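Trainee: Could you take me through one small part of this model, slowly, and tell me how its pieces fit together?

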Amino acid sequence: MTLGVRLLACLLVAWGTSVAQTQGSARRSSPLPGKGLAEHDFLYAGESHERALFLVRQGKVVWSYDDPAGKGEVSDAVRLSNGNVLFAHQFGVTEITPEKKVVWNYDTPAGHEVHTAMPIGKDRVLYIQNGNPAVLRVATSSQM
């Protein structure tokens, strides 16, 4: 889970707790601490069958990616040093450019899933393929 996703999750939990504490009274949201969502830039790719990713800077969505034709939920995402985004999407792993062009894609075999992917340096990707048997894989630039 990326720092941005963890931050958003914490903020949403804090907000939900605040709302739940009203216990039936008129619901009102409490202001977020500090500068709110503008406090930190982050990439958001929450678990969603809508397969949407959002890059948020200074509290505003500055980039988004939507892949409605894709299969499975987006489970994990990371923005790479070159600006590309690497994400796991239940039935595979994909890397896209800021212009939304697919640079690399891996589709899992039937009966398997992928829920996490992490870059290792600039030329390798580590991902765990669930299934029987579960397999930890490292794809190199020659395989990408």
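Mentor: Sure, let's start with a pairing: phenylalanine 87 has threonine 94 in E6 as its bridge partner. Bear in mind that this is a predicted model. That pair belongs to the antiparallel pairing of E5 with strand E6 (residues 92–96), which runs over 4 bridges. The hairpin of E5 and E6 has 3 residues between the strands, and there glutamine 90 takes a positive phi near 60 degrees.

Now look at E5 from its other neighbour. E4 and E5 also run antiparallel, joined by 4 bridges, and arginine 79 has valine 85 in E5 as its bridge partner. This hairpin has 5 residues between the strands, with glycine 83 at a positive phi near 95 degrees.

What about the faces of E5? In a regular strand, side chains alternate between the two faces of the sheet. Here both faces are covered: Val85 and Phe87 are buried on one side, Leu86 and Ala88 on the other.

Just ahead of that strand comes my favourite bit, asparagine 84, which sits in the loop between strand E4 (76–79) and strand E5 (85–88). Asparagine 84 counts as buried because its relative accessible area is 8%, and the cut-off is under 20%. Its side chain makes a polar contact of 2.8 Å with the side chain of glutamate 95. Leaving out residues up to four places away in sequence, asparagine 84 touches Val78, Arg79, Glu95, Ile96, Thr97, Pro98 and Val103. So on your screen, follow the loop residue asparagine 84 across to glutamate 95, its polar partner.

Conventions: Residues numbered from 1 in each chain as written. Predicted model: local features only at pLDDT ≥ 70, side-chain atom pairs only at ≥ 80, totals over all residues. Heavy atoms only, no water. Helix = DSSP H or I, 4+ residues; strand = E, 2+ residues; numbered from the N terminus. Buried < 20%, exposed > 50% of the residue type's maximum accessible area, 1.4 Å probe, protein only. Polar contact = N/O pair within 3.5 Å; in protein donor to acceptor, adjacent residues only side chain to side chain. Contact = heavy atoms within 4.5 Å. Pairing = 2+ DSSP bridges.
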